[in-house]
Amino acid sequence: MKQWWARLGDSDIGHSFRSSPVAMAAALVALVCIFCSLFANGVAPHNPFDLSTLELSDARLPPAWTAAGSAKYLLGTDDQGRDILSALMFGARISLAVGFASVALSVLIGVTLGLLAGYIGGWLDAVLMRLCDVMLSFPAILVALLIAGVGRALFPNAQEGLAFFVLIVSITLTGWVQYARTVRGSTLVERNKEYVQAARVTGVSGLRIMRRHVLPNVLGPVLVLATIQVASAIIIEATLSFLGVGAPPTSPSLGTLIRVGNNYLFSGEWWITVFPGLMLVLISLSVNLLGDWLRDALNPKLR
Amino acid sequence: MSLLQVKNLVVEFPHRHGTLRALDDISFDIAPGEILGVVGESGAGKSITGAAIIGLLEPPGRIAGGQILLEGERVDQYDFEQMRKIRGKRIGAIFQDPLTSLNPLHTIGHQLIETIQTHLPLDDKQARERAVALLRDTGIPAPEQRLDHYPHQFSGGMRQRVVIALALAAEPKLIVADEPTTALDVSIQAQIITLLKSICHQHQAAVMLITHDMGVIAETCDRVAVLYAGRIAEIGPVHELINRPAHPYTVGLMAAIPDISQDRERLNQIDGAMPRLNAIPSGCAYHPRCPQAFDKCRSQRPDLMNAGATRAACWLHEVQTTTQRESA
Amino acid sequence: MTALVQANDLAMTFDVSAPWLNRVLERKPRTLLHAVDGVSFEIERGKTLALVGESGCGKSTVARLLVGLYAPSRGNLQFDGLDAHAVFKTRQGLQLRSRIQMIFQDPYASLNPRWRVQDIVAEPLIEHGLAQTASELKRRVGELLTAVGLSAFDGVKYPHQFSGGQRQRISIARALATHPEFLVCDEPTSALDVSVQAQVLNLMKDLQRQLGLTYLFISHNLAVVRHVSDQVGVMYLGRLVELADKQALFANPRHPYTRMLLEAIPKMSDSGRGRTPVQGEVPNPLNPPTGCAFHPRCPHANERCRTERPHLLALAGIKIACHAVQEGRI
């Protein structure tokens, strides 16, 4: 295990990581955020969604370092007495979960369609690429809004699960296109390479070639794209939640928290909206920086 | 006086795992009007030699030692701006791929005239006349019209002729040609080789011809240097080297080339492969593959020494060694 | 005895037209590339036929036709009496594929960079069910690697850890996995250094002798062709212009193009000679000359050559497609 770790650190990627302070800082921040959100139950000082622990008398307290603040609630409380810091952690969990889930689904759909389009070609390729063109001409937010809104309208009393499902689907619907295009381009290149021709001469079936030969060679750019897209998925989710069609109010994400806090912004209770906003920026910035580093590290021409 | 003198040239590539020596103390001369061939297999360092002389070493590669003298003037330490003035005017370059050597967005006339006017004080009309003359010299039919064509309107062989014209535009004394015929068909290759010889003779330009193809060397060059693992293994007049090679590597190389004029059951093969730059053997770099290696070869690196009509870096040709072995 | 491989009037036409919309708007006709235009030859068991030619002559396309990577637009390929392309489409196609294999030109692109060498060599064995257990598979892979001059322990490494010559050996090992009878080699040594080329060519000759292999060897290098072949076919713009035994072709080349090729090769023996290379270049395959494709560059072309396409006809033990030779003019 140690050997594997040592080898990774010594490799080109490991070396590139260790010599980039930005990448290391970004990774640290992202890891802390992920850790806090994963283990929010244990790490957060309070459980903001357990109604029994809320005390309305503690509502709208400013952060601990201000005059009127209390050490019990480090970043203050919102209008219902919920600890902002804890809400951040739980909210981040929702945001990250939705972000990762929608990217995972996008990758699955996009890579599969891209592989098929690139390898089989012909009318399948033409149809899929036109579909991509159509999807790309719609702004992601509008599509997501449409789907989420329609979903809400169709199932007004749906449970939480369905609401999240709709949310994830709406983000995925525009997200898969990037992967399909990238993978299709790479597949077209790999398909003409001689190792693929050798497999065809041997008699290996098209599906097997796609899965075992082409796929491992086209995943590189996908990894970079996915990392960067996690950040944008989180932002889209936050936007949707801000607009009221995202995460349900019982499990607020960072976006919901921002929306809730927005109402109190001008009455001077800035912390309710600012801290969730800062958390959102922190997560997406660190993930974006990681994605940038990864793209440069994997680009052989820049080494 | 030699046109080009390379003395003890060392080219290094600093790498995070250590420094790699791509060229390790090589020395040779080129006389005015002479055609010197630089031949070697992949990784031997022949392209790097050309790049070092033109001043186009890719960073982090750098000249770490030795001197390059062009007509007595030291050019190895010149900065980019100084080398830029020399390139084109005194040293011309021909590269392997004619497709990428020419800018697809400009007519070849534009590129020729631009090069001419950069180095020679001619006005537009004079430069254009000169460009037409150059195209005619390189055998391009209807040069006045072709001047206004774009590179994609030429075939591969024609493009290489244009590249040769470009290289000669400012009347340089030395042309460095890196694999000028490798990307061309055999029949075109023959045309280009003939052209290169005649036109360089006509313009009195010396040529440093870098290639892996011994046949091309045999046809074109006066002298040839054989590179192995960043060092010169043998250097001498082309016929002597081909017919009476002195260095065991050259011997092996000549024997490995399939001969079109006779049938042979087996080609002579040299076992093993050229050492990687980070694993160059001690002493003579060729000793692990050499059938005639002995103790001195493993510990001491030989300099170029006289071996009949050529000079070879091989202890077999050291005079004392021969007498010692005879008496043993 | 019938030949193992028999190609009859093979042709391959590629449609390289502009997209439909562009064609309609610009009123352009369909553009067809006749990469191979009626090629016929035979290869006897255990022998080597070399196909030579310059760029655009179609030799690589012929190679791919022979291994079933393309289906011919015209003509057929007989392998051991079977119509190969018809069989490829059926369930017996897999079995036929185990008898025909291919070695490619680029040692860097012909091995999947993400696979270990042992998996690369094992793939044909797995695909054709030639190894029942994992240990048998491992043993067989080890045998193949040692047969080409590598070590069985090299199996765990990745292709990038090997040199160009070693990668070609791995390609050969992969090709031999299914005990093929016929190997199509597309310029297998063109990307290799001279000394490495010698190693690989010697290896291929040894294997041919040991295993009774039949080769189709594609190359542009006539010296290599002289070394490896029994019979030589010269191609120009998709057609065979001369087909003869090696000795006959090199001693007495009849077709003007063959002569031009042999003249053009830089020779090491008599250097510095003044010779006049033939003028002109290979025409654009999309727009081939009428009649005989070589006539614009041929010093012996007459009116018939400009209008009538010569056919490959037998003449004094060789096959040649040239009006001038057939008429006895040269």
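Trainee: In this predicted model, which residue of strand 5 of chain B is the bridge partner of B:Leu70?

Mentor: Strand 4 of chain B, which covers residues 62-70, pairs with strand 5 of chain B in the antiparallel sense, and the pairing runs over 2 bridges. Within strand 5 of chain B, the residue bridged to B:Leu70 is B:Glu73.

Trainee: What is the strand order of the open sheet of chain B, and which strands stand at its edges?

Mentor: The sheet is open, has 4 strands with antiparallel pairing, and follows the order 2-1-4-5. In general, the strands of a sheet pair through backbone hydrogen bonds, in a parallel or an antiparallel manner. In chain B, two strands have a single partner strand each, so one side of each lacks a neighbour in the sheet; these edge strands are strand 2 (18-30) and strand 5 (73-74).

Trainee: Which strands of that sheet does helix 1 of chain B touch, and at what angle does its direction stand to that of strand 2 of chain B?

Mentor: Helix 1 of chain B, made of residues 46-54, packs on the sheet and touches strand 1 (4-15), strand 2 and strand 4 of chain B. Taken against the direction of strand 2 of chain B, the direction of helix 1 makes an angle of about 75°.

Trainee: Is helix 11 of chain B oblique or roughly parallel to helix 8 of chain C?

Mentor: The axes of helix 11 of chain B (residues 248-256) and helix 8 of chain C (residues 194-211) come within 9 Å and cross at roughly 50°. Angles under 35 degrees would count as roughly parallel, and the crossing angle therefore makes helix 11 of chain B, relative to helix 8 of chain C, oblique.

Trainee: Which residues make that contact, and how do they divide by class?

Mentor: Helix 11 of chain B, which passes helix 8 of chain C in a left-handed crossing, contributes B:Gly252, B:Leu253 and B:Ala256, while helix 8 of chain C contributes C:Val194, C:Ser195 and C:Ala198. By class, the contact has no charged residues, 2 polar and 4 nonpolar.

Trainee: Where does the largest share of the side of chain C that touches chain A come from?

Mentor: The contact takes 14 residues from chain A and 18 residues from chain C. On the side of chain C, at least two residues each are supplied by helix 4 (93-97), strand 6 (100-103) and helix 5 (117-127), and the residues of this side divide into 9 nonpolar, 6 charged and 3 polar. The largest share, 3 residues, comes from helix 5 of chain C.

Trainee: What ipTM does the predictor give the complex?

Mentor: Chain C averages a pLDDT of 89, with 97% of the residues scoring at least 70. For the complex, the predictor gives a pTM of 0.84 and an ipTM of 0.88.

Note on methods: Residues numbered from 1 in each chain as written. Chains lettered and ligands numbered in written order. Predicted model: local features only at pLDDT ≥ 70, side-chain atom pairs only at ≥ 80, totals over all residues. Pairing = 2+ DSSP bridges. Contact = placed C-beta atoms within 7 Å. Axes fitted to C-alpha atoms, helices over the stretch in contact; angles between N-to-C directions. Nonpolar A, V, L, I, M, F, W, Y, C, P; charged D, E, K, R; others polar. pLDDT = per-residue confidence, 0-100. Parallel < 35°, antiparallel > 145°, perpendicular 65-115°, else oblique. Left-handed = near helix turned anticlockwise from the far one by under 90°.
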